[in-house]
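Biologist: Please bring up the model, and I will ask about some of its loops and helix pairs.

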Amino acid sequence: MGIEQTGISSLPKAMCHFINGADVESVDGGRRELINPVDETVLASYSFGGAEDVNAAVAAARLQFDQGEWSALSGYDRGCLLNKLADLVERDADLLADMDAACIGRVPMEPRILDLPNAIQTIRTSAGWADKLEGRTIPTPGYLGRPTLSYTVHEAVGVVGAIVPWNTPFMITCWKVAPLLAAGCTVVIKPSEETPMSALHLAKLAKEAGFPDGVVNVVTGSGSTIGSALVRHPDVDKITFTGSPAVGQQIQREAVEDFKRVSLELGGKSPQVVYSDANLDEAVAGCAMGIFFNQGQICAAGSRILVHEDIAEEFSARLAEVAKSIVVGNPGDDGVQMGPVAKKVQLDRVNNYIRIGVESGAKLLAGGESTYEQGWFVKPTVFGGATNDMVIAQEEIFGPVATIISFKDEDEAVEVANGTVYGLGATIWTSDVKRAHRLAKRVRAGAVGVNCWAPIDARLPWGGVKQSGIGRECGLAGVLAYTEEKVVTVVTD
C-alpha cells in the first residue's frame, strides 16, 4: 500500500516566515522544532513568531491590496497566475505530499492520491472562476419618479487571515487560498505548528508563478499568539479558520469587536447509516475508509456507524476484522497501512476516549488502548453495541476509533444521525434510491454521500451546519465567500 517517500532528507531543515516575497526571521528570533511522530526525532526548525511578525505580514498584504499591482489586475490575469501556480504545484506534488506526510506520520500514498490532486483541482477550478464573478442588473421603479439603472458587482473583501489545521494541511490551505486569490484578496496564512512546511512552500511557488510580493504571506507560530493577532488586527478584513469548535467560538467572539467577516469549518461526528439492503462488501470497505483514513484525523470522519439491527452483528464482525488486519508502523516501510497520530497529546486523547468507551459498557471488538513506547501509534479500534448517549458517540475523538450503533427503522436512524451538536457530513449505504433521497433530506449535514464516504470535489461546496461551522469552501460558493456584493444605482435622465 505504501509509496516510497522522496525522503525526509529532501525536506527543508530550517524555515522562516515568508513576508512580502522573502524569507524573514521572527523579530525576536524565536524558533521551534518539528518532531517526527514516528520516532520523535527532530525533523526541522522554524520561526516561532509573535505579533510584530503578524503586523509586518498584514502591512504587506494591505499595501498590495490597496495600492499594489495586484489590485489592478483583471480577473483574467488572476486566473492565469493561478493556473501557473497549479503547474508548479503539480511539478512539486511529491515533495509537498512528503512534507505533510512526514509532519503528521501519514502513509505517503494518502496525500498523493487525495490531498494533492484535490488541491491542484481547487487551484484550477478557482482560476476558472476568477473572471466570471458576474453581477446583476436589477429593475426598480426608479428614484423619486426618475428612471434609474441599478446593478451589482462582487468586490474582493480585502486582506484575509487564513488559519489552517494540521490534519490535511496543504489541501485545506488551497481550499482557502485559491478562492480568495481568484476573488482578488491578499492573504496572511497561519499554518499549524505541526505542519508549516507545505504552506511556506506554496507561498514560494506563488512568487515563482509571478504573484506580486505581499499577495501571499505566511507567519508561523502558535495559534494563541499568531492566530489571535490576525483575528484582532484592524487591517484584516476576514478570517477563515478550520479547526475545533472551541477555537471557532473564540475567533467569533474576538472578531465581533470590529465586525470582521468569518468563515469557520469546525468539527464533526459524522454518521454512516448502513441499511440491510446495502452492498455489504462496499459498505464495510467504505466505512473502514471513513474512519481509518489519515488515522481517523479528519473532521468528516465517519466515526458513528449506524447499522440496521438485521445486519448489525455481521457488519460489526467484518469491520472488526478489517481493523485487526491494518498494518500499523513506520509509514515509510513497505506494507504499512497506517502511521502514528500526529502528536503525543493526540495519542493520549485517543487512549482516554478508548478507556471511556470500555468503562461506559461499549463492546471492544478490535484494537483498544495503545501502550506508549516510541512514536505515537494507535491501534485501529472498533466499539460495538454502543448507544448514542455515550461519550464516544457524542464527542469528536479525532483518531481511528469507530462506534457502531444499531437501529430498527428509518425514524430511529434519522434521530440518532441528527443526535449530536455536529452536522458536517453523512453517508447513507443503501440500494433503495427512494430511501436514499428521503434520508439525504432528513439528515442535518452540510454534505451527504450515498454509497460513498466524503465525496469531496473542488467544484462542490463544503461546510457544515450546527457546531460544524459557518460558510462554505470550494466551488463558486467558496470564491463568493471572499467577496462583498456592492449595489450601484445611477439616475439615467
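Biologist: Is Asn451 buried, partly exposed or exposed, and what is its relative accessible area?

Modeller: This is a predicted model, so the values are computed from it. Asn451 sits in the loop between strand 18 (447-450) and strand 19 (469-470). Buried would need under 20% and exposed over 50%. Asn451 falls in between, so the answer is partly exposed, with a relative accessible area of 34%.

Biologist: What is the phi of Asn451?

Modeller: Most residues other than glycine have a negative phi. Asn451 is a residue other than glycine with a positive value, near 60°.

Biologist: Asn294 is in the loop between helix 10 (280-292) and strand 13 (304-308). Is Asn294 buried or exposed?

Modeller: Asn294 also has a positive phi, near 55°, without being a glycine. For burial the cut-off is under 20% relative accessible area. The relative accessibility of Asn294 is 0%, so Asn294 counts as buried.

Biologist: Where is Ser222, and which residues does Ser222 touch beyond four places away in sequence?

Modeller: Ser222 is in the loop between strand 9 (216-218) and helix 8 (223-232). Its relative accessible area is 10%, so Ser222 is buried. Leaving out residues up to four places away in sequence, Ser222 touches Phe48, Lys190, Glu193 and Gly227.

Biologist: Which side chains are joined to that of Ser222 by polar contacts?

Modeller: One polar contact, of 3.3 Å, runs from the side chain of Ser222 to that of Ser224. Another, of 3.1 Å, joins the side chain of Ser222 to that of Thr225. The partners are therefore Ser224 and Thr225.

Biologist: Staying with helix 8, at what angle does helix 1 (residues 51-67) pack on it?

Modeller: The axes of helix 1 and helix 8 are 9 Å apart, and the angle is about 45°. That makes helix 1 oblique to helix 8. The crossing is right-handed. To repeat the value asked for, the angle is about 45°.

Biologist: Which residues form the contact of helix 1 with helix 8, and how many are charged?

Modeller: From helix 1 come Ala51, Val54 and Val58, which meet Thr225, Ile226, Ala229 and Leu230 of helix 8. By class the contact has 6 nonpolar residues and 1 polar, and the number of charged residues is none.

Biologist: How are helix 3 (residues 75-91) and helix 7 (residues 197-209) arranged, and what is the hand of their crossing?

Modeller: Their axes are 9 Å apart, with an angle of about 125°. Helix 3 is therefore oblique to helix 7. The hand of the crossing is right-handed.

Biologist: How many charged residues are in the contact of helix 3 with helix 7?

Modeller: On the helix 3 side are Leu81, Lys84, Leu85, Leu88, Val89 and Arg91, and on the helix 7 side Leu202, Leu205, Ala206, Glu208 and Ala209. The classes are 8 nonpolar, no polar and, for charged residues, 3.

Biologist: Are helix 5 (residues 109-129) and helix 6 (residues 169-183) roughly parallel or roughly antiparallel?

Modeller: The axes of helix 5 and helix 6 come within 9 Å and cross at roughly 5°. Angles under 35 degrees count as roughly parallel. Helix 5 and helix 6 are therefore roughly parallel.

Biologist: How many nonpolar residues does the contact of helix 5 with helix 6 have?

Modeller: Helix 5 residues including Leu116, Ala119 and Ile123 meet helix 6 residues including Phe170, Trp175 and Pro179. The contact has 3 polar residues and 1 charged, and the nonpolar residues number 10.

Terms used
Residues are numbered from 1 along each chain as its sequence is written. This is a predicted model: local features need pLDDT of at least 70, side-chain atom pairs count only at pLDDT 80 or more; totals for chains, interfaces and linings use all residues. Side-chain values use heavy atoms; hydrogens and water are left out. Axes are lines fitted to C-alpha atoms, for helices over the stretch in contact, and angles run from 0 to 180 degrees between N-to-C directions. Helices (H or I, at least four residues) and strands (E, at least two) are DSSP runs, numbered from the N terminus. Angles under 35 degrees count as roughly parallel, over 145 as roughly antiparallel, 65 to 115 as roughly perpendicular and the rest as oblique. A crossing is left-handed if the near helix is turned anticlockwise from the far one by less than a right angle, and right-handed if clockwise. Contact means heavy atoms within 4.5 Å. Ala, Val, Leu, Ile, Met, Phe, Trp, Tyr, Cys and Pro count as nonpolar, Asp, Glu, Lys and Arg as charged, and the others, Gly among them, as polar. Buried means under 20% relative accessible area, exposed over 50%, partly exposed in between (1.4 Å probe, protein chains only). A polar contact is a pair of N or O atoms within 3.5 Å; within protein, one must be able to donate a hydrogen and the other to accept it, and residues adjacent in sequence count only if both atoms are side-chain atoms.
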